[in-house]
Amino acid sequence: MKLYTDHKQVILASSSETRINYLKQLFGRVRVVRHKVNEKKIKDEFLKKNFIDLVRLLAKKKAESVMEDFSENIIIGSDQILVCEGKLINKSKNLSDAKEKLINLRGKKHTLISSLYVIKNKKFYFEETKEAEMLFKKIPPKKIDEYLSEQKKEVLKSVGSYRIEDNSKYNFLNILKGDHETIIGFPLKNFIKKFMRDKK
């Protein structure tokens with residue numbers, strides 16, 4: 001049963017297929033819109049600041065960037081970043097870049113920080129930021145080549161150049177801490193709880 005039963009849509013300011021599919025399982029009417037945020041500019045300005053503050057700001061800015069266009073709706077902005085050895089790792093530009101990043105992740109722990117920011121009727125409604133800790137195993141470079149060859153389109157959409165959905169097949173990750181929604185970059189659970197309480 002879908003959560004939203006009236007005429008209103010839930011607006012998702014993200015093009016992530018994972019987030020889109022996840023949200024559509026919960027809400028009857030989901031509209032996906034492109035946010036108006038220059039992520040690179042914000043990241044460049046925050047390089048020497050707190051990573052948690054950075055991901056929160058990105059999620060907030062994404063939601064706010066489309067607020068005037070959807071003033072009577074729920075708007076969800078979200079973001080995820082990957083931090084390894086104190087450095088921010090961005091999405092790969094191409095497969096060569098993805099291979100370099102995966103080679104560099106081998107045998108290392110890294111942190112995924114995911115944030116959700118929700119606006120309802122042009123007012124702040126909900127916010128949550130969660131972390132997950134991962135270990136990318138010391139898999140052979142040949143196995144990385146195989147993965148990139150088979151998932152060449154998908155890896156360029158992910159902050160780590162890998163998808164947790166592929167781990168059951170390739171077995172390249174150990175989850176040290178964190179839940180599934182944090183790992184996929186969409187911590188929705190507590191927002192849904194609040195939404196359901198407010199509907200009663």
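User: Why is the pairing of Glu39 with Lys62 called a salt bridge?

Analyst: The term requires a side-chain nitrogen of Lys or Arg within 4 Å of a carboxyl oxygen of Asp or Glu. In the pair Glu39 and Lys62, the closest N and O atoms are 3.6 Å apart, so the definition is met. The two residues lie in distant parts of the chain, 23 residues apart, with Glu39 in helix α2 (residues 39-45) and Lys62 in helix α3 (residues 51-65); helices (H or I, at least four residues) and strands (E, at least two) are DSSP runs, numbered from the N terminus. This is a predicted model, in which local features need pLDDT of at least 70 and side-chain atom pairs count only at pLDDT 80 or more, while totals for chains, interfaces and linings use all residues. Residues are numbered from 1 along each chain as its sequence is written, and side-chain values use heavy atoms, with hydrogens and water left out.

User: What makes Lys62 buried or exposed?

Analyst: Buried means under 20% relative accessible area, exposed over 50%, and partly exposed in between (1.4 Å probe, protein chains only). Lys62 has a relative accessible area of 5%, and is therefore buried. Its partner Glu39 has 25% and is therefore partly exposed.

User: How do you know that Glu68 and Lys122 form a salt bridge, and where are they?

Analyst: Their side chains meet at 3.2 Å, N to O. Glu68 belongs to the loop between α3 and β3 (74-84), and Lys122 to the loop between β5 (108-120) and β6 (123-136), 54 residues apart. Glu68, at 56% relative accessibility, counts as exposed, whereas Lys122, at 38%, counts as partly exposed.

User: What links Arg163 to Glu154?

Analyst: A salt bridge joins their side chains, at 3.8 Å from N to O. Arg163 has a relative accessible area of 21% and is therefore partly exposed; for Glu154 the value is 21%, which also makes that residue partly exposed. Both belong to a network of salt bridges with Glu17, Lys157 and Asp166. The structure holds 16 salt bridges.

User: Which residues have the most contacts inside the largest nonpolar core?

Analyst: They are Leu23, Ile76, Phe136, Tyr162 and Phe191, in a core of 40 residues. Such a core is a set of buried Ala, Val, Leu, Ile, Met, Phe, Trp, Tyr and Cys residues joined through side-chain atoms within 4.5 Å. Strand β6 gives the most to this core, with 5 residues.
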